[in-house]
Amino acid sequence: MQSLEAELENAQALDTDDLADAIETIGFECTRCGACCKAEADDPHTATVFPDEVRDLQDATEYDWRDVARPMPYGLDGDEDRDGITGETFEWALQTDSCGDCTFYEEADDGTGACSVHGDRPLICETYPFSVALGGTSQPMGEAVDEEGVVRAHECEGLGRDISRDEAEDLAAALKERAVRELREAIAVRDEYAPADPDEGVVVHDSEGAKRPDGSVYDE
């Protein structure tokens, strides 16, 4: 497996024209089905969000940190629906409502889905259902159902539909930006990490250091 630094160089060297070609070949048009914003069976929606994206959403909505994001639940001990969760995690996920759907998801009477913060949505939402495969780096979006070059397409009913070149190029640029950002985040988390041993609760390690679930700095 390549180092994160080598992966970052590969991400920075991605050709957006090649990515756009791949996206055009696969094809995509959002049908506003809302599937990517909603819980699946008993699994709440989990979309990774960077710390600065949390603040951008706070500015757009005037919400508190906890209203926008929550600790990524993987690796934590306890029940998310109760107060007894403890442990360390390394990512933030968009907050969910009582049904497990993204807190920013809205649905019209006819079932058409929409995002209440569409203009400020995180990169993972902007680029779904695509990711890029770079060596040993895997992006947490489930198994790929189609691929073209380094571009992977994940389950979505909008796949295979015609997409304009302009839209493919916009998606390609966002996809490259996301790949670079994810690797920079991973490198910073690695470099900033120091084991935490909280008496209770959860500590989230992100590129800015260790934080409590409300976004405040963790202080032993």
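**Cores, a cavity and local backbone features**

Ala6 lies in helix α1, in a model that is predicted. With a relative accessible area of 22%, Ala6 is partly exposed, since the buried class ends under 20%. Its C-alpha atom is 9.8 Å from that of Leu183, although 177 residues separate Ala6 and Leu183 along the chain. Confidence in the prediction can be stated before going further: the mean pLDDT of the protein is 90, and 92% of the residues score at least 70. Among the elements, helix α2 has the highest confidence, at 98, while strand β3 (residues 87-89) has the lowest, at a mean of 90.

The interior comes next. In soluble globular proteins, nonpolar side chains tend to be buried together. Here the largest nonpolar core has 24 residues, and the members that touch the most others are Ile23, Phe130, Val132, Leu134 and Val151. Two or more residues of this core come from each of α1 (4-12), α2 (16-26), β7 (130-132), β9 (151-154) and α6 (165-192). Helix α6 makes the largest contribution, with eight residues. Leu134 shows how parts of the chain that are far apart in sequence meet here: beyond its neighbours within four places, Leu134 is in contact with Glu7, Asn10, Ala11 and Leu14, and also with Ala179 and Leu183. A second core lies apart from the one around Leu134; this other core has 18 residues, and Trp65, Ala69, Tyr105 and Ile124 are among them.

Two strand residues give a closer view of buried positions. Ala93 is part of strand β4 (residues 92-94). Because its relative accessibility is 0%, Ala93 counts as buried. Leaving out residues within four places in sequence, the contacts of Ala93 are Ala47, Val49, Val68, Ala69, Arg70 and Met72. One of these partners, Ala69, is also a member of the core of 18 residues. Glu40 is 53 residues from Ala93 along the chain, and the C-alpha atoms of the two are 15 Å apart. The other strand residue, His154, is found in β9. His154 is buried as well, because its relative accessible area is 3%. Between the C-alpha atoms of His154 and Ser131 the separation is 7.9 Å, across 23 residues of chain.

The packing leaves some enclosed space. One cavity of 30 Å³ or more is present in the structure, and the largest cavity holds about 40 Å³. Thr48, Phe50, Glu53, Pro122, Leu123, Ile124, Arg178 and Glu182 form the lining of the largest cavity. By type, this lining consists of four nonpolar residues, one polar residue and three charged residues. At least two of the lining residues are supplied by α5 (123-127), and at least two by α6. Helix α6 thus appears in two settings, as a source of eight residues of the largest core and as a contributor to the lining of the largest cavity. Ile124 likewise has two places, being a member of the core of 18 residues and a lining residue of the largest cavity.

The loops hold several backbone features worth a look. Most residues other than glycine have a negative phi, and most peptide bonds are trans. Against that background, the bond joining Tyr128 and Pro129 is a cis peptide bond, with omega about 15 degrees. Pro129 sits in the loop between α5 and β7. A positive phi, near 55 degrees, is found at Arg32, in the loop that runs between α2 and β1 (48-49). Arg32 is partly exposed, because its relative accessible area is 44%. Glu62 also has a positive phi, near 65 degrees, and is placed in the loop between α3 (51-61) and α4 (65-68). The relative accessible area of Glu62 is 73%, so this residue is exposed.

A further loop residue, Arg161, is positioned between β9 and α6. At a relative accessible area of 36%, Arg161 is partly exposed. Setting aside residues up to four places away in sequence, Arg161 touches Gly27, Phe28, Glu29 and Thr31. For one of these partners, Glu29, the C-alpha separation from Arg161 is 5.6 Å, with the two positions 132 residues apart along the chain.

Conventions: Residues numbered from 1 in each chain as written. Predicted model: local features only at pLDDT ≥ 70, side-chain atom pairs only at ≥ 80, totals over all residues. Heavy atoms only, no water. Core = buried A, V, L, I, M, F, W, Y, C linked by side-chain atoms within 4.5 Å. Buried < 20%, exposed > 50% of the residue type's maximum accessible area, 1.4 Å probe, protein only. Helix = DSSP H or I, 4+ residues; strand = E, 2+ residues; numbered from the N terminus. Contact = heavy atoms within 4.5 Å. 1 Å grid on protein atoms, 1.4 Å probe; cavity = no way out; pocket = protein on both sides within 12 Å on 5 of 7 lines; lining within 4 Å. Points joined across faces, edges and corners; volume = space filled by probe spheres on them. Nonpolar A, V, L, I, M, F, W, Y, C, P; charged D, E, K, R; others polar. pLDDT = per-residue confidence, 0-100.
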